[in-house]
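Hi,

Here is the structure I said I'd pass on. Have a look at it first, and then read my notes below.

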Amino acid sequence: MESIGRYLRHARETRAMSVEEVSRATRIPVPSIERIEADHFDDLPGEVFVRGFLRAYARAVSLPVEEVLARYTASRRVAVVTPLPIASPAGGSQGKRFGVAMAFVLLLILFTLALSIVMRPRGHDMPPELSQVGDSQGVSSSPMLGA
């Protein structure tokens with residue numbers, strides 16, 4: 001059995017079509033058509049695009065689309081692979097809960113610290129010199145303030 005690329009090229013040449021004519025009819029770039037005819041499917045964008053290109057090419061040269069796709073699948077021996085679901089680790093949710101709890105505790109500590117700074121009484125943090133001047137009403141016990 002001939003390759004899918006040779007099969008399509010033979011059908012195109014039988015209908016006396018050039019690569020450029022197929023490109024215009026299918027809107028497939030000329031380099032991509034040349035890669036298809038050379039069986040270089042790995043150089044094309046992806047499996048979905050390859051199948052779309054083959055459908056359009058088959059219609060352009062009046063070949064049965066299903067036959068072309070069946071030949072391609074047989075030549076590529078594409079196996080249908082069902083992806084396995086990704087299982088999360090057993091302790092994944094426990095780790096998230098622990099992280100959230102730690103963040104909550106840290107925020108609680110920061111909030112308490114900020115509240116204690118804001119709510120601290122203001123009178124006790126005055127320097128002793130200023131608090132004595134206000135208490136003695138002009139009479140200074142300090143030698144620097146002069147008599």
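Keep in mind that this is a predicted model. I'll begin just past helix 3: the helix is followed by Asp 39, which has a positive phi, near 60 degrees.

Now for helix 3 itself. Its buried residues are Ser 32, Ile 33, Ile 36 and Glu 37. They sit on the same side of helix 3, because the arc they cover around the axis is only 135 degrees. As for what lies over those buried residues, the cover includes helix 1 (4-14), helix 2 (19-26) and helix 4.

The loop between helix 3 and helix 4 deserves a look too. Leu 44 is found there, and at 8% relative accessibility this leucine counts as buried. Leaving out residues up to four places away in sequence, Leu 44 touches Ser 32, Arg 35, Ile 36, Val 50 and Phe 53. Pro 31 is 13 residues from Leu 44 in sequence, and their C-alpha atoms are 9.5 Å apart.

Phe 41 is in that loop as well, between helix 3 (30-37) and helix 4 (47-60), and it brings us to the aromatic rings. How many aromatic pairs are there? The count comes to two. In one of them, the ring centres of Phe 41 and Tyr 72 are 5.0 Å apart and the planes are at 70 degrees; over 60 counts as edge-to-face, so that is what this pair is. The pair links distant parts of the chain, with Tyr 72 in helix 5 (residues 65-76), 31 residues from Phe 41. Are these two residues buried or exposed? Phe 41 counts as buried because its relative accessibility is 6%, under the 20% cut-off, and Tyr 72 counts as buried at 0%.

Phe 49 and Phe 53 form an aromatic pair that is tilted, with 6.5 Å from centre to centre and 50 degrees between the planes. These two are four residues apart in helix 4, so about one helical turn separates them. In general, an α-helix has 3.6 residues a turn, so residues three or four places apart point the same way. Phe 49 is partly exposed, with a relative accessible area of 49%, whereas Phe 53 is buried at 14%.

There is also a charge over a ring: Arg 71 lies over the face of Tyr 7, at 3.8 Å from the ring centre.

On to the core. The largest nonpolar core has 24 residues, and those with the most contacts inside it are Leu 8, Phe 41, Leu 54, Leu 63 and Val 68. Two or more residues come from each of helix 1, helix 2, helix 3, helix 4 and helix 5, and helix 4 gives the most, with six. To see part of this up close, try Leu 8: apart from residues up to four places away in sequence, Leu 8 touches Ile 36, Leu 54, Tyr 57, Leu 63 and Val 68.

Last, the other stretch to look at. An unreviewed UniProt entry annotates residues 98-119 as "transmembrane region". In the model that span is 100% helix and 0% strand, and its end C-alpha atoms lie 31 Å apart.

Best wishes

Terms used: Residues are numbered from 1 along each chain as its sequence is written. This is a predicted model: local features need pLDDT of at least 70, side-chain atom pairs count only at pLDDT 80 or more; totals for chains, interfaces and linings use all residues. Side-chain values use heavy atoms; hydrogens and water are left out. Rings of Phe, Tyr and Trp (its six-membered ring) pair if their centres lie within 6.5 Å; planes under 30 degrees apart count as stacked, over 60 as edge-to-face and the rest as tilted. Buried means under 20% relative accessible area, exposed over 50%, partly exposed in between (1.4 Å probe, protein chains only). A charge sits over a ring if NZ of Lys or CZ of Arg is within 6 Å of the ring centre and within 35 degrees of the ring normal. UniProt positions are given in the numbering used here, feature names are shortened, and annotations may be inferred rather than shown by experiment. The arc is that of the directions from the helix axis to the C-beta atoms. Contact means heavy atoms within 4.5 Å. A nonpolar core is a set of buried Ala, Val, Leu, Ile, Met, Phe, Trp, Tyr and Cys residues joined through side-chain atoms within 4.5 Å.
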